[in-house]
Amino acid sequence: MSGPPPATAQAGDDAEIVAQSLEQPELFARLYDRYAPDIHRYAARRLGDTIADDITADTFLVAFRIRSRYDLARPNARPWLYGIAGNLIGKQRRAEVRALKALARTGHDPVAASWSESWVEDTDSRIDAQGPLAGALAALTAGDRHVLLLVAWADLTYQEVAEALDIPVGTVRSRLNRARRKVRTALGADPAFVGDTAEVV
């Protein structure tokens with residue numbers, strides 16, 4: 001039987017699970033059960049289902065290996081896990097940019113097709129709306145795109161993005177503002193894009 005978790009970890013939070021998993025490794029599975037669906041959904045939106053399976057598995061494998069370095073003052077492990085996933089997604093940057101450029105050119109998105117059954121419906125309007133957005137996302141720097149999509153698709157707060165990427169909150173704000181400005185400029189002033197812009201960015 002292990003002793004109580006360190007004083008910095010509160011009962012029932014993720015930090016407690018990480019702390020206890022140092023002596024009882026099987027407890028780390030609780031974090032997988034809690035966050036794997038979210039990580040997989042985010043990775044699938046960025047890279048498609050097939051690669052998302054690998055990204056999710058690798059995220060938790062890396063997290064397990066480095067769990068002794070986890071900051072127990074942070075009760076929520078979600079930003080930490082997204083940060084690990086983001087690093088792994090970053091290694092697939094070329095594949096992501098290629099897919100975004102293909103969508104911008106042709107309107108066919110193999111990534112979206114892998115997670116959206118409704119993709120085949122209303123293809124013309126999807127090409128009109130998604131193509132320019134995909135082109136705008138592809139044109140962003142990797143850092144700006146990552147911040148934008150962590151906020152838009154992972155629903156992380158500015159503070160959580162800062163924790164995930166290990167950057168100051170001010171940097172998150174400036175990258176997000178720059179990314180939003182570039183996307184809006186790329187989409188132009190066409191009112192048809194207002195709904196998509198607000199929803200995605």
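Select Y70 and W80 to begin: in this predicted model, both residues are buried. Their rings form an edge-to-face aromatic pair, with 4.8 Å from centre to centre and 65° between the planes. Because Y70 lies in the loop between α3 and α4 (78–90) while W80 belongs to helix α4, the pair ties together parts that are ten residues apart in sequence.

Next, keep the aromatic rings on display, since a search of the whole structure finds four aromatic pairs. Among them is the pair of F28 and F64, whose ring centres lie 5.5 Å apart and whose planes stand at 75°, so this pair is edge-to-face. The contact links distant parts of the chain, 36 residues apart, with F28 in the loop between α1 (14–21) and α2 (29–47) and F64 in helix α3 (residues 49–65). Colour the two by accessibility, and F28 appears as buried, at a relative accessible area of 5%, whereas F64, at 29% relative accessibility, counts as partly exposed. Then add R67 to the selection, which lies over the face of F64, at 3.9 Å from the ring centre.

Finally, move to helix α10 (residues 169–187), whose 19 residues reach 27 Å from the first C-alpha to the last, close to the 27 Å expected at 1.5 Å a residue. Show the side chains of its buried residues, namely V172, L176, A179, R180, V183 and L187, and turn the view down the axis of α10: these buried residues fall within an arc of 100°, so they line one face of the helix. The last stop is G188, just after α10, which takes a positive phi of about 75°.

Terms used
Residues are numbered from 1 along each chain as its sequence is written. This is a predicted model: local features need pLDDT of at least 70, side-chain atom pairs count only at pLDDT 80 or more; totals for chains, interfaces and linings use all residues. Side-chain values use heavy atoms; hydrogens and water are left out. Helices (H or I, at least four residues) and strands (E, at least two) are DSSP runs, numbered from the N terminus. The expected span of a helix is 1.5 Å times one less than its number of residues. Buried means under 20% relative accessible area, exposed over 50%, partly exposed in between (1.4 Å probe, protein chains only). The arc is that of the directions from the helix axis to the C-beta atoms. Rings of Phe, Tyr and Trp (its six-membered ring) pair if their centres lie within 6.5 Å; planes under 30 degrees apart count as stacked, over 60 as edge-to-face and the rest as tilted. A charge sits over a ring if NZ of Lys or CZ of Arg is within 6 Å of the ring centre and within 35 degrees of the ring normal.
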